[in-house]
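Trainee: I should like to learn how to read the features of a structure that is new to me. May we begin with the cysteines and then turn to the helices?

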Amino acid sequence: MIGRNDPCLCGSGLKYKRCCMGKDLAISENIKQKYLREHKIRLKERGDIEAIKRAGGIAINTLNTVEEMIRPGITTDDINTFVHQFTIQHGARPAPLNYRGFSKSVCVSVNEEICHGIPGDRVLKDGDIVNIDVTSILDGYYADVSKTFFVGTPGPDALKIVKVTRECLKAGISMVHPGNRIGDIGWVIQRYAESQGCSVVREFVGHGVGFEFHEAPQIPHYGQKGKGITLVPGMVFTIEPMINLGNKDLHILDDNWTAVTDDGSLSAQFEQTILVTENGFESLTPYDLNEPLFSP
């Protein structure tokens, strides 16, 4: 958190209290130009934020609705078909479709699959976990969200990894505040995950989003407290920890997309699109991080 007597984030050289304190930092031209020039980060203004929020509304509605169809016996391609149709029917476009050659409209990753699973003929079975990662484009703006769901009745390993991963997202979001650093987010996630005997995937990270599918900055889910770029209002990025029940090592399947754990252990992911506000944060793809994970 920035203090009254700290150097202002805009780079003027003045103390915060004599410069931008009390102003709308999200639209400060000094800060916008500084972050674009030094970090290639494009800060969002009010109109942009409202547009991302509308795209986020479609993304989260898609995810909430697809949750109702998760059951043993469906295929991952059934999920893709639903997501594609629902997104189009609501006036948006699915961002993954044809992105760098990705052939489907949603990423669906099951059990040992960490991320970027390509929907196909894999049949979901009782006891599986499945991550569904939805990105919607509406009026040229992007919003990104994902959850990991239980298929049928989860076993103890499934319950553990899903609970730990959701708590990692919750912890990461709690560190979002003007004046904090990107490293603070990764530090708290890594600390919690490893305290539970789990590991954090390094190869895939959160990212800026809104004007494009992937923008600066990168948001690692591991790191050092007090390191990295300072958070300022108007930054919009995903926090999307990928946590493994076993070790962190992975490999990519022959489809050149699907990442899987080397040791075959379960992996889970939760994600929201987060805005840095004047006083903390706002999720632009919100869902309840405290609701019961499983009700028999």
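Trainee: Why is the sulfur of C198 in no bond with the closest cysteine sulfur?

Mentor: A disulfide is a covalent bond between the sulfur atoms of two cysteines. The sulfur of C198 lies 7.6 Å from that of C168, the closest one, which is too far for a bond; a disulfide here is a pair of cysteine sulfur atoms within 2.5 Å. This is a predicted model, in which local features need pLDDT of at least 70 and side-chain atom pairs count only at pLDDT 80 or more, while totals for chains, interfaces and linings use all residues. Residues are numbered from 1 along each chain as its sequence is written, and side-chain values use heavy atoms, with hydrogens and water left out.

Trainee: Is C198 buried or exposed?

Mentor: C198 is buried, at a relative accessible area of 6%; buried means under 20% relative accessible area (1.4 Å probe, protein chains only).

Trainee: How many disulfides does the whole structure hold?

Mentor: The search finds zero. C107 is likewise in no disulfide, and its nearest cysteine sulfur, in C115, is 7.6 Å away. C107 counts as buried, with 10% relative accessibility.

Trainee: At what angle do the axes of α4 and α5 cross?

Mentor: Two packed helices are described by the angle between their axes and the distance between the axes. Helix α4 (residues 156–174) and helix α5 (residues 182–195) have axes that come within 8 Å and cross at roughly 150°. The two are therefore roughly antiparallel, a term for angles over 145 degrees.

Trainee: Which residues meet there?

Mentor: From α4, V164, E167, C168, A171 and G172 meet I185, V188, I189, Y192 and A193 of α5, where contact means heavy atoms within 4.5 Å.

Methods. Buried < 20%, exposed > 50% of the residue type's maximum accessible area, 1.4 Å probe, protein only. Axes fitted to C-alpha atoms, helices over the stretch in contact; angles between N-to-C directions. Helix = DSSP H or I, 4+ residues; strand = E, 2+ residues; numbered from the N terminus. Parallel < 35°, antiparallel > 145°, perpendicular 65-115°, else oblique.
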